[in-house]
Amino acid sequence: QCGNKHATQQMQMEDTHLTQTLQAWLPRVGATLSLLASAILLKLVVTKKRIRKLSWADLKTNSRFIFMLGVIEGMHCLTYLASTSAIPKNDTSPGVYGAVGNHSTCTL
């Protein structure tokens, strides 16, 4: 029974490490794909503006909304890319996977 308890604890530790790894990397992968989509969206609006030789004031309202959506989504993706990297790596957050920040990165 003692060996079984040790094996159960080992499995829980491995599961915790796997869970922390996935929780750290899945937002980064999703954010990278979303950032790529936002960049494509911005490029399409800017290309449309250049081809038609329009000023920003001449763009339709929906094009302006899509452009700003791409900008805001891009900034949002950058926060997800930081993910757990901004968490300080010290005694206050022991065992947090991917924590490489300091107090300044935590308070930004």
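Leaving aside neighbours within four places in sequence, Val 45 is in contact with Trp 56, Leu 59, Ser 63, Ile 66 and Phe 67. This set of partners is a friendly place to enter the structure, which is a predicted model. Val 45 belongs to helix α1. With a relative accessible area of 8%, Val 45 counts as buried, because the cut-off for a buried residue is under 20%. One of its partners, Ile 66, lies 21 residues away along the chain, and the C-alpha atoms of Val 45 and Ile 66 are separated by 7.8 Å.

With that residue in view, the overall layout can be introduced. The protein chain has three helices and zero strands, and its elements, read from the N terminus on, run α-α-α. Helix α1 covers residues 2-51. Of the 108 residues in the protein chain, 15% are buried. Among the contacts in the protein chain with a separation of 6 or more, 49% are between residues 24 or more positions apart. The structure holds zero aromatic pairs.

Another residue of helix α1 is Ser 38. Ser 38 has a relative accessible area of 7% and is therefore buried. Its contacts, once neighbours within four places in sequence are set aside, are with Gly 70, Glu 73 and Gly 74.

Arg 28 deserves a longer visit. This residue also lies in helix α1. Its charged end sits over the ring of Trp 25, at 4.6 Å from the ring centre. The side chain of Arg 28 also reaches the backbone oxygen of Ala 24, at a distance of 3.4 Å. Arg 28 is buried, yet it has no salt bridge. Where, then, is the nearest side chain of opposite charge to Arg 28? That side chain belongs to Glu 73, 16 Å away, whereas a salt bridge needs a side-chain nitrogen and a carboxyl oxygen within 4 Å. Glu 73 has already appeared above as one of the residues in contact with Ser 38. Not counting residues up to four places away in sequence, Arg 28 touches Tyr 80, Leu 81, Ala 82, Ser 83, Thr 84, Ser 85 and Gly 98.

The last stop is Leu 18, again in helix α1. Is Leu 18 buried, exposed or partly exposed? Its relative accessible area is 49%, so Leu 18 is partly exposed; the exposed class begins over 50%. Leu 18 and Tyr 97 are 79 residues apart along the chain, and their C-alpha atoms are separated by 9.7 Å.

Taken together, these residues give a first tour of helix α1. Val 45 is buried, Ser 38 is buried and Arg 28 is buried, while Leu 18 is partly exposed. Contacts from this helix include those of Val 45 with Phe 67, of Ser 38 with Gly 70 and of Arg 28 with Tyr 80.

Conventions
Residues numbered from 1 in each chain as written. Predicted model: local features only at pLDDT ≥ 70, side-chain atom pairs only at ≥ 80, totals over all residues. Heavy atoms only, no water. Helix = DSSP H or I, 4+ residues; strand = E, 2+ residues; numbered from the N terminus. Buried < 20%, exposed > 50% of the residue type's maximum accessible area, 1.4 Å probe, protein only. Contact = heavy atoms within 4.5 Å. Phe/Tyr/Trp six-rings, centres within 6.5 Å; stacked < 30°, edge-to-face > 60°. Lys NZ or Arg CZ within 6 Å of the ring centre and 35° of its normal. Lys, Arg positive; Asp, Glu negative; His and termini not counted. Polar contact = N/O pair within 3.5 Å; in protein donor to acceptor, adjacent residues only side chain to side chain.
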